[in-house]
Amino acid sequence: MNTILELKNINKFFLHSQALNNVNLSMEEGECLGIVGHNGAGKSTLVNIVTGTFGQTSGDFYLDGVAQDASYDVLAANRKGIRVVFQELSLCPNLTVIENMRIFHPSLKGWGWRQRAEKTIMETLDEIFPDHGIKPNAVVEDYSLGDKQIVEIAKAFTVVDNPLRLIILDEPTSALDHHRSEQLTRFLKTLPAKKISCIYISHLLDEVVACTSRIAVMKDGVHVAGLATVDATRQKIIELMGEARPKMVKDGSNGSDGEGHATGVTGASFEKVPLVIEVKNPSEEKRISVHEGEVIGLTGLAGHGQTKLLIELFDYKKNKDYKIRGPVTFIPGDRQNDGVFSQWSITKNTTLQVYKEMKGAFLINPKKEDIVADNWRKTIDIKTDSLKTNILSLSGGNQQKVLFARCLESASPIVLMDDPTRGVDVGTKEEIYKLIIEEKRKGRSFVWYTTEMEELRYCDSIYVFKAGKILAKLAGDKVTEQEILKASF
Amino acid sequence: MKPTTNNSRSMPGGWKDTMLPLFSILIVLIPILIIRPRVMSFGGFQLLFNMAMPIALVTIAQMFAMSIGEIDFSLGNLISLVTCIAGTIIPYNLALGLLCFAGILVVYMLIGAFLYLRKLPSIVVTIGMSFIWTGIATTIQPSPGGNVPRILEKITGFKTPFIPMPLIFLAILALFAYLIVFKTNIGILMRGVGGNPKAINQSGHSILKTQIIVFGFVGLFGILGGLALAGITTSADANMARNYTLIAVASVILGGGTFAGGKVSPVGAVLGACTMTLVGTLLTFLQISPDWQIGAQGAIILAVLFLNSILKRRGKVHYV
Amino acid sequence: MFERNPLTASLEALGERKWLWSYIGAVAVYLVISVVSGNPMGTLAASITFASFFILVGIGQMLVITNGAGNIDLSVPCTLAMAGSVAMKIMNESNGNIWIGVIAGLAAGAAVGAFNFGLIRIMLMPPMIATMASSFIVKTLSIVFFRGLQIKPPAGLERFVNFKIGMVPIIFLFVLGIAFVMHFVLNRTPYGRYIHAIGQNIKAAWLSGINVTSNKLITYILSGVFASLTGILLAAFSGGATLDMGDEYMMNSIAVVVLGGSSIAGGNSNIPGIVGASVLLYLIVNLLNILGLGASLRSIFTGIVIVAIIFASGEKLRKR
């Protein structure tokens, strides 16, 4: 049996976080490997390295026994027969199915390419999804999400010149109904015979068990466990996902969570405390309630509706589902796109929400501005020589601190946080947690979406999201990581 | 399990795209025929659709720009310049005139390249170009007049039996543009770039080459539009066609195009151009004084674009 | 350890202060003019008078551009002309009506600005289309109501506009004062900060609680007001309003914004740059006139300046 893929001691660092920690993984030809893990497990990073989107920081990556160097990129991966189907569409929605084939396979040109393209895609569609009903000359955009997905999947399996060796499917059934998912599963089972290897990433553990021959469990960038699918049950996988290992961080400090598997959500009682966010008509999607001085955690797998809720709460004047008392402030996690004003100084980025406080007669008083910014610099230790320099001169963690300062300086009693410690170093995270606890004591309420399990211990109660719905409300100091995992998957 | 489709369109740029502009032409044409029944004749249709030729050519030029998500705000100025070149330089020295046209094409292709390479905003770049074109035009032709070659006049005034020549020309233009957009490789790439540039890039195609070729088309059809205008009006005028830029945009949108790129309908665009031309005629027949005409044109363009955005019901996030 | 070469250091500092370039350029061009022209002092006085008009429209245009990529006001020339006409008509050559004429003119400009924003926000038009279409409508209204009317400004106003303190035209001081005020508005008022935030990152601005709609509305209204103020002063200066007096200001307003160092992508503004760029631009216009090169060349030159500066300030496309 040929080892098609091997990752040896792969590490991947991004500025202040470690996405992959000493990962060792190998795949035989014809194998279907499932990769499962919670948020931040490193699944996407792994896929990106294999598909050539970016390279590893250290470690070796072998394809067919040959080490790949820095020249390995997406085009090289394609040539070697590695394809990937992501959740986001790589089809051109305004082109027809056949025209998309032309784009995907540049070698489909010359006389009669349309017939060849049609033959290839139709045959593949017929093979995987026998009753697909897709017309080759139909514009992709006209089809439903599910149909777009089956075209996307089929396209990835079409072979024109380079043979297909490894297909990576990242949450392939999220847009598919039950019937289609079953068809896909059935098809994937035929791959080993054709010597086509497959990596299957999904949070739907039952599916993973159905399609794969081996499962790799990842957590926090570590390949925690591998097991043969025949030995795997949903329960067992969840247990393995909760295996904690000490995290090695770049500055050498040991960031283990110390408390074993429990997150220790405080579960403090807020019965007598007034509500700042009250739901009008509770339902599966809308059940949040927040009291004064309470910290609510939103968790579950990333992208399952948490940010959407935060934005809905932010638009509080237009929100018809909740009664929201008082202004709301929003601390973003995606600094670059949602928070930082890259042409401004640190001072200007800090004082954006509090001009009323700093105005003289008509004009903003620069001295007052400087005082406000300087106070925050001292309070949360923003590491900089001068507050007048451009904000991009700060490290990512310090930039995040500025965003905290901006929002906490405002008078808003409700603070929404959209995974604000993303890509922030451990030291800064600790300072941020301290800050939140302080503010909470002053009576501020927090709705905190986080992708890191450990942060939930600062929350009074947590809501677990799955597919846009809230599946569970958990409170109390006995809440364990296992319970959260069970609800998320 | 049958796929669930949003609408029954299965041909790109298909019948739904053509319905709206066809419908719009009728809305404008029918009142014209009611007011002046005499128009319903060979000669009448000839006159009605004469001016549609340059407008349609400019519209196709704009359509190419918009298909990759850009826009050319200098088209009106460009075609005025072309009439000046046709009226001033060509009669004097044909080779020089052709050289000028070649130069314009090169400039357009460079613009296409640099818009991509330097991530420049096409609005402001083409607004800048519009001043350059007008400046050159007024330099070579300070006041209207010139000596447009007779051959241009003959070509644009060519009489065909049975069906008026403009209609034939418009049909051929629509067909030609359709073939380029839907049946050639560059057409697929162009629409792909407008629809999902990332996917194009990742499959190893060159967005740069696409931009260069597409902008070459913009320049080419702009030049043809100018030549047609010169032939019809037999006048070289630096300020003649400044309104055409916006009319072209409205025609493309009316024909089913979008600002974001990716969706183009050449047939719709040509029909849209005809509609906008007829609007001008209708306004004249309604005896709306020339003073009001430009304002009415502006209002109609706004109405067209507004209706279009309602009908398309774009779900973009608006922080505005 | 080596000492920084003072020349390199000062060149570096210069590079960071883009607006300084226009002043240096202005001085350079003025030196050339004083060599070539017969009356350097008089030329300077005239130049800064005319530059004042550039400054005013430049400020309005800059406010709009600062709001972010895609925002531009193409209705400046028509608003300018219309407001000038409105003001002159209401003043009716009488000194007593000066203030009410000014208010009426400014109100007209504000109305156009609000209308523009309405098109953008409610009818979901891209700003370039909205403002261009609205310019058609404004132009029509101007033609209809003011064509042929040649009303002279009231004597008092004319005197004010042409008044000089020593060698310095009072209008320049007036405009400088406005620029000074706007500088503070942009840097030290919440409104100023908000539009910079919106221009840099509209989503982040919205998430910071900024009311994007109302701030943009104010901006477009201000642009209309600045254009109309320019029109009123220009009409007073030139002895009356004409319908085409605003035509040159389209390219000039954009040119001084770009030349003055404001980013065309929005998010940063540069009032000192506008002042320097306006003086520079007019001096160059003047030089071209002295050298006998006419309006056409001016147009070409302005276009080249715009394109060149945008090109130079574009980002390099990063692969991957």
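What follows is a chat about how to read some features of this predicted model.

Reader: Let's start with chain C. What does its secondary structure come to?

Author: Counting helices and strands is a handy way in. For chain C the tally is 14 helices and 2 strands. The radius of gyration of this chain is 20 Å, close to the 20 Å that the globule rule gives for 320 residues, so chain C is as compact as a globular protein of that length. If you'd like its extent in space, the C-alpha trace spans about 70 × 55 × 35 Å along the principal axes of chain C.

Reader: And how much of chain C is buried?

Author: Of the 320 residues in chain C, 56% are buried. You can also look at how far along the chain the contact partners sit. Take the contacts in chain C between residues at least 6 apart in sequence: 77% of them join residues at least 24 apart.

Reader: Can we zoom in on one residue? Is C:I143 buried or exposed?

Author: Here you count neighbours, and the cut-off for buried is 20 or more other C-beta atoms within 10 Å. C:I143 has 20 C-beta neighbours inside 10 Å, so C:I143 counts as buried. You'll find this residue in helix α6 of chain C, which covers residues 127-146.

Reader: Which residues is C:I143 in contact with, leaving aside its neighbours within four places in sequence?

Author: There are two names to look for: C:L243 in chain C, and B:D291 over in chain B. For a sense of distance, try C:G109, which is 34 residues from C:I143 in sequence and 16 Å from C:I143 in space, C-alpha to C-alpha.

Reader: That brings in chain B. How many residues does the contact take from chain B and from chain C?

Author: To read an interface, list who takes part on each side. Chain B puts in 38 residues and chain C puts in 47. On the chain B side, at least two residues each come from α5 (94-117), α6 (122-140), α12 (244-254) and α14 (290-312) of chain B. The largest share is that of α6(B), with 13 residues. Sorted by class, this side of chain B has 26 nonpolar, 9 polar and 3 charged residues.

Reader: How many residues of chain A are in contact with chain C?

Author: There, 17 residues of chain A meet 15 residues of chain C. Two elements of chain A give two or more residues to that side: β15 (328-331) and α10 (335-338). By class, the chain A side divides into 10 nonpolar, 6 polar and 1 charged.

Reader: Into which domains is chain A divided?

Author: Chain A has domain 1 (3-241) and domain 2 (275-488). You can read a domain pair much like a chain pair. The C-alpha centres of these two domains of chain A lie 35 Å apart, and 11 residues of domain 1 are in contact with 13 residues of domain 2. Helix α8 (residues 234-241) of chain A gives the most to the domain 1 side, with 3 residues. That side of domain 1 splits into 4 nonpolar, 6 polar and 1 charged.

Reader: Last one: what is the order of the open sheet of 4 strands in chain A?

Author: With a sheet, read across the strands. The order is β2-β1-β4-β5 (chain A), and the pairing is antiparallel. At the edges stand β2 (17-28) and β5 (66-67) of chain A, each with a single partner strand, so one side of each has no neighbour in the sheet. Further in, β1 (residues 3-14) and β4 (residues 58-63) of chain A are joined by 5 bridges. To spot a facing pair, find A:N11, which stands opposite A:S58 in β4(A).

Methods:
Residues numbered from 1 in each chain as written. Chains lettered and ligands numbered in written order. Predicted model: local features only at pLDDT ≥ 70, side-chain atom pairs only at ≥ 80, totals over all residues. Rg over C-alpha atoms; globule rule 2.2 N^0.38 Å. Buried ≥ 20, exposed ≤ 12 C-beta atoms within 10 Å, placed from the backbone. Contact = placed C-beta atoms within 7 Å. Domains from an automatic or database assignment. Nonpolar A, V, L, I, M, F, W, Y, C, P; charged D, E, K, R; others polar. Pairing = 2+ DSSP bridges.
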